[in-house]
Amino acid sequence: MSIVVKIEEKLYQNRYIVDESRPHIRIRSEAECKSCTSQACTVCCPAACYSKNEAGTVTLVTDGCLECGTCRVICQDKENIQWDYPRGGYGISYKFG
Amino acid sequence: MVEKFDAIVIGAGPSGNAAAYTLAKQGLSVLQLERGEYPGAKNVQGGIMYAAELEKIIPDFRDDCPTERHIIEQRIWLLGDDNYIGTNYRSDAFNTETPNRYTIIRANIDKWFSEKIRAAGGLQICETTVTELIHDAAGKVIGVRTDREGGEIHADVVIMADGVNALLAKRSGYQKELAPENVALAVKEILFIDPELIQQRFGLKGDEGVVIEIMGKVTKGMVGTAFLYTNKESLTIGIGCLISDFKQGSVPPYKMLEDLKNHPVIKPLIEGAEMKEYAAHMIPEGGYKAVPQLYGDGWMVVGDAAHFNNAAHREGSNLAMASGRMAAETVIELKTAGKPFSAANLAAYKARLDDSFVMKDLKKYRNLPGIMHENKQFFGAYPDTLTAAAHNWFTVDSVDKRTKEKEIMKSFVKKRSVLGLVGDAIKLVRAVR
Ligand SMILES: Cc1cc2nc3c(=O)[nH]c(=O)nc-3n(C[C@H](O)[C@H](O)[C@H](O)COP(=O)(O)OP(=O)(O)OC[C@H]3O[C@@H](n4cnc5c(N)ncnc54)[C@H](O)[C@@H]3O)c2cc1C
Ligand code: SF4
Ligand code: SF4
């Protein structure tokens, strides 16, 4: 069974209140990502916010973030993710949850 | 002049709502802070709501609580690649005036609960993220700081009901980061569909509902479960696995969900439904051994933030409400007696929990998380073997039944030695005894 999943189509259904140019999650060191063998954030994030790039590091775009905390948990050994909630009222806003 | 309340509750999920309502109803001055646009905006649940705990807090909740369907049938399915084996339990006795379990849409419940809190005199402020706890020189919690301007507020006691991430307790050094093997990541979707189709496909009338808990090949050998629940005009479908397993694997969570939706057994049930929201949330599943320090000078922690979740029974919101209520009752008791909110006095909260189903159930299942984690055969080999056995048994092909029995036994032993089988049975029994 090989089913192509378009994560953008899923996220498109959601309501976000975007805090322009104030990402609530940051990667601390690119070098750390480069030497990270698993780059597990690129697999585990349910919103595909992390993607491998040509430079061999990881690009983070938090626009679709669901604020679950998974990336922080998986990267805790390297402590390479600085994780916070968005400002009050911003970010994902579930209509149903 | 910094404002001061009897109590501050951080978070407007079931645990915070239970706490804030109980305090407000007793006339205490309570401030509840929620970072979402409205209560529920950040929250995710399957969701089954268990009536008992809500009933203790709001006895006549059924008058206006926006529940979806009362559950008359529970199915537990083990999915193979293109099949399932399972048990169903349906009873007309679940059609009572006071049903025990309902499906719910989480945002609706949180909003409803919040109105009750405001009506009881509680002050609730949304769109406000608490950034840290404020401590006095002796280390006692005396209030919170928020991301609003001049956002410092004081209280005699602070109840942290901020959910599984529990950032505030971590920042204050009360908790460590969650271990990946102690927390699951779940993704879910809500699918809108003609209610008549729901009734036809699941054999329901009126507000009757069915819930299906799913295990098996759909979690691709990882420790996890899935679900499909019926709401009034929608279905919810979701799947979750331990983060330690996602971390080692190569399948993203949304791919797993998509495969579940396309499973030949599931697909016909959701055919034609329209997806309206995709959500993700962590679930604390480390059980008893992962429960952190629950109180200290001027603070308590409740709900998911305290790791109160019974993964074996898919219970979370009820433990959240129970712990929120018990924290509030502890506050009320101390306040009435004029005693300070010291760690020594707040230990009464822990005593209440120990004496309740919250800690008793967590303790009963204390070894289960470890066993599931170390014994992947429950999620890999068993589903295959069981469904193959059923397939063999129900295929009428002129092979005599004794030979079939032997074949089935052989297939079990092939996947797992006899000792392994016996060992697994013993482990499971021990874990849930
Ligand atoms: C997919 C899924 C299915 C589930 N199914 C079921 C089920 O069927 N039945 C069941 O009983 N349980 C279920 N659960 C578990 C249940 O949802 C949780 O146990 C329950 O929501 C915990 O309640 P809580 O109030 O402790 O935390 P939450 O519901 O997470 O609420 C925490 C609140 O605090 C707010 N907050 C967090 N940090 C801050 C801050 N710094 N400042 C201000 N506000 C803050 C959040 O916005 C949120 O509103 C499920 C969970 C998931 C993820
Ligand atoms: S897991 Fe952490 S260190 Fe590794 S690639 Fe992702 S962010 Fe970088
Ligand atoms: S918090 Fe969750 S959704 Fe957001 S980036 Fe991290 S893993 Fe992805």
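In this predicted model, S317(B) is buried, with a relative accessible area of 9%. The cut-off for calling a residue buried is under 20% relative accessible area, so S317(B) falls on the buried side. You can find S317(B) in helix 9 of chain B. What does its side chain touch? The side chain of S317(B) makes a polar contact, at 3.2 Å, with the side chain of Q45(B). S317(B) is also one of the residues that come nearest to ligand 1, together with S15(B), E34(B), R106(B) and D304(B).

That brings us to ligand 1 itself. Where does ligand 1 lie? Its place is between chains A and B. In total, 36 residues surround this ligand, and by class they divide into 14 nonpolar, 15 polar and seven charged residues. Some backbone atoms take part as well. A polar backbone atom of P14(B) is 3.2 Å from an oxygen atom of ligand 1. For A161(B), a backbone N or O atom lies 3.5 Å from an oxygen atom of the ligand. With R314(B), the partner on the ligand is a nitrogen atom, again 3.5 Å from a backbone N or O atom. How much of the accessible area of ligand 1 does the protein cover? On its own the ligand has 1000 Å² of accessible area, and the protein covers 97% of this. Several elements of chain B give two or more residues to the shell: helix 1 (14–25), strand 3 (48–50), strand 15 (274–284) and helix 9 (317–337). Helix 9 is where we met S317(B).

Now look at ligand 2. Which residues are around it? They are C33(A), C36(A), Q39(A), C41(A), V58(A), C75(A), K78(A), N80(A) and I81(A). Sorted by class, this shell has six nonpolar residues, two polar ones and one charged one.

Let us step back and follow chain B as a whole. An unreviewed UniProt entry carries the annotation "domain: FAD-binding" for residues 5–323 of chain B. In the model, this span is 23% helix and 34% strand, and its end C-alpha atoms lie 21 Å apart. A separate division of chain B gives domain 1 (4–66 + 106–176 + 292–364) and domain 2 (370–432). Notice that domain 1 is written as three stretches of the chain. The C-alpha centres of these two domains of chain B are 44 Å apart.

Next, find helix 7 of chain B, residues 253–261. Nine of its nine residues are buried, so the helix is largely enclosed by the rest of the structure. Among them are residues with quite varied side chains, including P253(B), Y254(B), K255(B), E258(B) and L260(B).

For a contrast, turn to the loop between strand 5 (84–90) and strand 6 (101–103) of chain B, where A93(B) is found. Is A93(B) buried or exposed? A93(B) is exposed, with a relative accessible area of 56%. Its C-alpha atom is separated by 7.9 Å from that of I72(B), and the two residues are 21 residues apart along the chain. T98(B) lies in the loop between strand 5 and strand 6 too, and it is partly exposed at a relative accessible area of 48%. T98(B) and G143(B) are 45 residues apart in sequence, with their C-alpha atoms 40 Å apart in space.

Finally, here are some details of the backbone. Most residues other than glycine have a negative phi, and most peptide bonds are trans. Chain B has some places that depart from this pattern. Which peptide bond is cis, with omega near 5 degrees? The bond in question runs from G46(B) to G47(B), and G47(B) lies in the loop between strand 2 (30–33) and strand 3 of chain B. E127(B) is not a glycine, yet its phi is positive, at about 55 degrees. You will see E127(B) in the loop between strand 7 (123–125) and strand 8 (130–135) of chain B, where it counts as partly exposed at 37% relative accessibility. K220(B) is another residue other than glycine with a positive phi, near 55 degrees. K220(B) sits in the loop between strand 12 (208–216) and strand 13 (224–230) of chain B, and at 37% relative accessibility K220(B) counts as partly exposed.

Conventions. Residues are numbered from 1 along each chain as its sequence is written. Chains are lettered from A and ligands numbered from 1 in the order in which they are written. This is a predicted model: local features need pLDDT of at least 70, side-chain atom pairs count only at pLDDT 80 or more; totals for chains, interfaces and linings use all residues. Side-chain values use heavy atoms; hydrogens and water are left out. A residue is near a molecule or strand if one of its heavy atoms lies within 4 Å of it. Ala, Val, Leu, Ile, Met, Phe, Trp, Tyr, Cys and Pro count as nonpolar, Asp, Glu, Lys and Arg as charged, and the others, Gly among them, as polar. A polar contact is a pair of N or O atoms within 3.5 Å; within protein, one must be able to donate a hydrogen and the other to accept it, and residues adjacent in sequence count only if both atoms are side-chain atoms. Accessible areas come from the Shrake-Rupley method with a 1.4 Å probe; for residues, only the protein chains shown count as cover. Helices (H or I, at least four residues) and strands (E, at least two) are DSSP runs, numbered from the N terminus. UniProt positions are given in the numbering used here, feature names are shortened, and annotations may be inferred rather than shown by experiment. Buried means under 20% relative accessible area, exposed over 50%, partly exposed in between (1.4 Å probe, protein chains only). Domain bounds come from an automatic or database domain assignment.
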